[in-house]
Amino acid sequence: MNKLVILSGCSGGGKSTLLSNLSNHGFATVEEPGRRVVAQQLKTAGTALPWLDLKAFLEQTLAMAEQDYAAASDTSGISIFDRSLIDAASALRHLGDDRWYEKLRSEFRYDNRVFLTPPWPEIYATDNERRHGFEDAVDEYERLCRDYDDLGYDVAILPKTGVDERVEFVLNLLQDT
């Protein structure tokens, strides 16, 4: 069995913390491609950063997410992604570039159930890799909700609870699919 599960949603909504805890439960996990691109660009003084060259950043994020998808597709079991190809393609679509969108409908399919973290201002924080404000994060969340729905995914909104309760929520829904 091979299941590719997406954990997406609002920036600063607790995805990375949840992913780490799911990893502790024995799941294969894939770290967020955007954060990896930012870290690499900062390390090499690159300019493919969302606050300098958003389109270049998204292109690199898509390339990394496509590699992640291919690698996870060749494994068995459940792999949980912190964001996916869909997230970067959604942002690119927002910039007026739809070329990835139809590929996502047919070529790159993940498990039908997608977990989204809702906007949660009480835990939202910026850092060196997340420099955008909460309003931008909410706008992104609304686009993701729309695009995941449009692509036919069954969206499950994570509760605003502690990480243990969120892990239990995910585990219960994974058993149902």
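Are Tyr-148 and Tyr-153 buried or exposed? Tyr-148 is buried, and Tyr-153 is buried as well. The legends below describe close-up views of a predicted model.

**Figure 1. The largest nonpolar core of the predicted model comprises 33 residues.** Within this core, the residues with the most contacts are Leu-85, Ile-86, Tyr-110 and Tyr-148. At least two core residues come from each of the strands β1 (2-9) and β4 (113-117). The helices α2 (33-43), α3 (54-73), α4 (85-94), α5 (101-106) and α6 (134-150) likewise each supply at least two. Apart from this core lies another, of 15 residues, which includes Leu-19, Leu-22, Phe-115 and Leu-174. In soluble globular proteins, nonpolar side chains tend to be buried together.

**Figure 2. Surroundings of Tyr-148, a buried residue.** When neighbours within four places in sequence are set aside, the contacts of Tyr-148 include Ile-6, Ser-8, Ser-84, Ile-86 and Asp-87. Val-114, Leu-116, Tyr-153 and Val-155 are also in contact with Tyr-148. Ile-86 belongs, with Tyr-148, to the residues that have the most contacts inside the largest nonpolar core.

**Figure 3. Arg-83 forms salt bridges with Glu-32 and with Asp-87.** In the pair with Glu-32, the closest N and O atoms are 3.5 Å apart. Glu-32 lies in the loop between β2 (28-30) and α2, and Arg-83 in the loop between β3 (77-82) and α4, so this salt bridge ties together parts that are 51 residues apart in sequence. In the pair with Asp-87, the N to O distance is 2.8 Å. Glu-32 is buried. Because its relative accessible area is 7%, under the 20% limit, Arg-83 counts as buried. Asp-87, with a relative accessible area of 8%, is also buried.

**Figure 4. A salt bridge joins the side chains of Arg-105 and Asp-150.** The N to O distance in this pair is 3.3 Å. Arg-105 lies in helix α5 and Asp-150 in helix α6, so the salt bridge ties together parts that are 45 residues apart in sequence. Arg-105 is partly exposed, at 34% relative accessibility, and Asp-150 is partly exposed at 36%. Elsewhere, salt bridges with shared partners join Glu-32, Arg-83, Asp-87 and Glu-140 into one network. The whole structure contains 13 salt bridges. Side chains of opposite charge can pair when their charged atoms come close.

**Figure 5. Tyr-69 and Tyr-110 form an edge-to-face aromatic pair, one of five aromatic pairs in the whole structure.** The ring centres are 5.1 Å apart, with 75° between the planes. This pair links distant parts of the chain, with Tyr-69 in helix α3 and Tyr-110 in the loop between α5 and β4, 41 residues apart. Tyr-69 is buried at 12% relative accessibility, and Tyr-110 is buried with a relative accessible area of 7%. Ring pairs link both tyrosines with Phe-81, Trp-100 and Phe-108 into a cluster. The charged end of Lys-103 sits over the ring of Trp-100, at 4.6 Å from its centre.

**Figure 6. The rings of Tyr-148 and Tyr-153 form an edge-to-face pair.** The centre-to-centre distance is 5.8 Å, and the planes are 75° apart. Over the ring of Tyr-153 sits the charged end of Arg-109, 4.2 Å from the ring centre.

Conventions. Residues are numbered from 1 along each chain as its sequence is written. This is a predicted model: local features need pLDDT of at least 70, side-chain atom pairs count only at pLDDT 80 or more; totals for chains, interfaces and linings use all residues. Side-chain values use heavy atoms; hydrogens and water are left out. A nonpolar core is a set of buried Ala, Val, Leu, Ile, Met, Phe, Trp, Tyr and Cys residues joined through side-chain atoms within 4.5 Å. Buried means under 20% relative accessible area, exposed over 50%, partly exposed in between (1.4 Å probe, protein chains only). Helices (H or I, at least four residues) and strands (E, at least two) are DSSP runs, numbered from the N terminus. Contact means heavy atoms within 4.5 Å. A salt bridge is a side-chain nitrogen of Lys or Arg within 4 Å of a carboxyl oxygen of Asp or Glu. Rings of Phe, Tyr and Trp (its six-membered ring) pair if their centres lie within 6.5 Å; planes under 30 degrees apart count as stacked, over 60 as edge-to-face and the rest as tilted. A charge sits over a ring if NZ of Lys or CZ of Arg is within 6 Å of the ring centre and within 35 degrees of the ring normal.
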